[in-house]
Amino acid sequence: MQIRDFQNQRNLEESAGLGMTVVIADYYDILSFPTLPNLETGETNAAYVMATGAFEMKPGKQFHVFHSSLEQNSFNSKLVGSPGAMTHENVLTIRRNSASPELIGYVRSMKNRELVVGFKPLGESTYTIIGWEDLWAMVTEGEIDIPKEVSGEKHTTLMIRSIYLPPIKVLAIPLTPAPID
Amino acid sequence: MAGKLKSTTILDGQFEVIGLVPGPVLCALGKVDLAKITVSQARDLLAINFPYLREVVKKPTRRKGKGNHS
């Protein structure tokens, strides 16, 4: 991996915010992952985070959709650790302004589960993945909040964290299972 | 890849969906339903290196009784 130029790259579609659709798979439902970038042969900065190939799901297993509320999802990736041993810590926050039984049950089904999660920053063409082979993501915080004021922000929120790998980019995420033989 | 991926032909056998039941996939072109795409959309997907689709290359059929004549 080499230091390369980063020159002014104009993107007229640049924007903060994430798309409302987040996709989540159980780590153990994935048979194999796309290929991580080759850090020796990558010829651009983007090549250091762009995976190639496809997710191979187990027969009958798939990524599932979570629809958040508008402008409620956020993502943060930090370099953490001491200089010389720094690495990546990624946290995706997903939020829906509701506390329905569907959501409470969703939170219950997510806790303590090994996950692989995909989402799309607005203005980008690729999807970001957190959680990878041997490095699954997990819910680290969850909250179901019903405020006392009617003007308060009722919400169900999950924070999902992954470590070590930077946010990895993929071209596509399937929403159907692998065929059953 | 863990093994040979099962594929399903679509669009009258012109394309194969690889490793998935044909259905929705999220990609740079948005949410694309591989069970409903057109040939034109399939070619657009191939142009962005979409990993779950490939074009079926049909082998030319030999005509019987017409071998090489010198």
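Two strands pair if DSSP finds at least two bridges between them. In this predicted model, that condition is met across the boundary of the two chains: strand 12 of chain A pairs with strand 3 (residues 24-27) of chain B. The pairing runs in the antiparallel sense and extends over three bridges. One residue pair helps to place it on the structure, with A:Ala172 having B:Cys27 as its bridge partner in strand 3 of chain B.

The wider interface can be described next. Chain A and chain B each bring 22 residues to the contact, and the area buried between them is about 1800 Å². Carbon and sulfur atoms give 66% of that area. On the chain A side, A:Leu171, A:Thr176 and A:Pro179 supply 27% of the area that chain A buries against chain B, more than any other three residues.

It is also helpful to look at polar and charged interactions. Six residue pairs are in polar contact between chain A and chain B, counting those with both residues at pLDDT 80 or more. No salt bridges, in contrast, are found across the interface of chain A and chain B.

As for secondary structure, strand 1 (21-26), strand 2 (30-32) and strand 12 (172-174) of chain A each supply at least two residues of the side that touches chain B. Strand 12 of chain A gives the most to this side, with three residues. Sorted by class, the side of chain A that touches chain B has 14 nonpolar, five polar and three charged residues. Strand 12 of chain A thus appears both in the pairing with strand 3 of chain B and as the element that gives the most to the touching side of chain A.

Notes: Residues are numbered from 1 along each chain as its sequence is written. Chains are lettered from A and ligands numbered from 1 in the order in which they are written. This is a predicted model: local features need pLDDT of at least 70, side-chain atom pairs count only at pLDDT 80 or more; totals for chains, interfaces and linings use all residues. Side-chain values use heavy atoms; hydrogens and water are left out. Contact means heavy atoms within 4.5 Å. Buried area is the accessible area (1.4 Å probe) that two parts lose on being put together, summed over both. A salt bridge is a side-chain nitrogen of Lys or Arg within 4 Å of a carboxyl oxygen of Asp or Glu. A polar contact is a pair of N or O atoms within 3.5 Å; within protein, one must be able to donate a hydrogen and the other to accept it, and residues adjacent in sequence count only if both atoms are side-chain atoms. Helices (H or I, at least four residues) and strands (E, at least two) are DSSP runs, numbered from the N terminus. Ala, Val, Leu, Ile, Met, Phe, Trp, Tyr, Cys and Pro count as nonpolar, Asp, Glu, Lys and Arg as charged, and the others, Gly among them, as polar.
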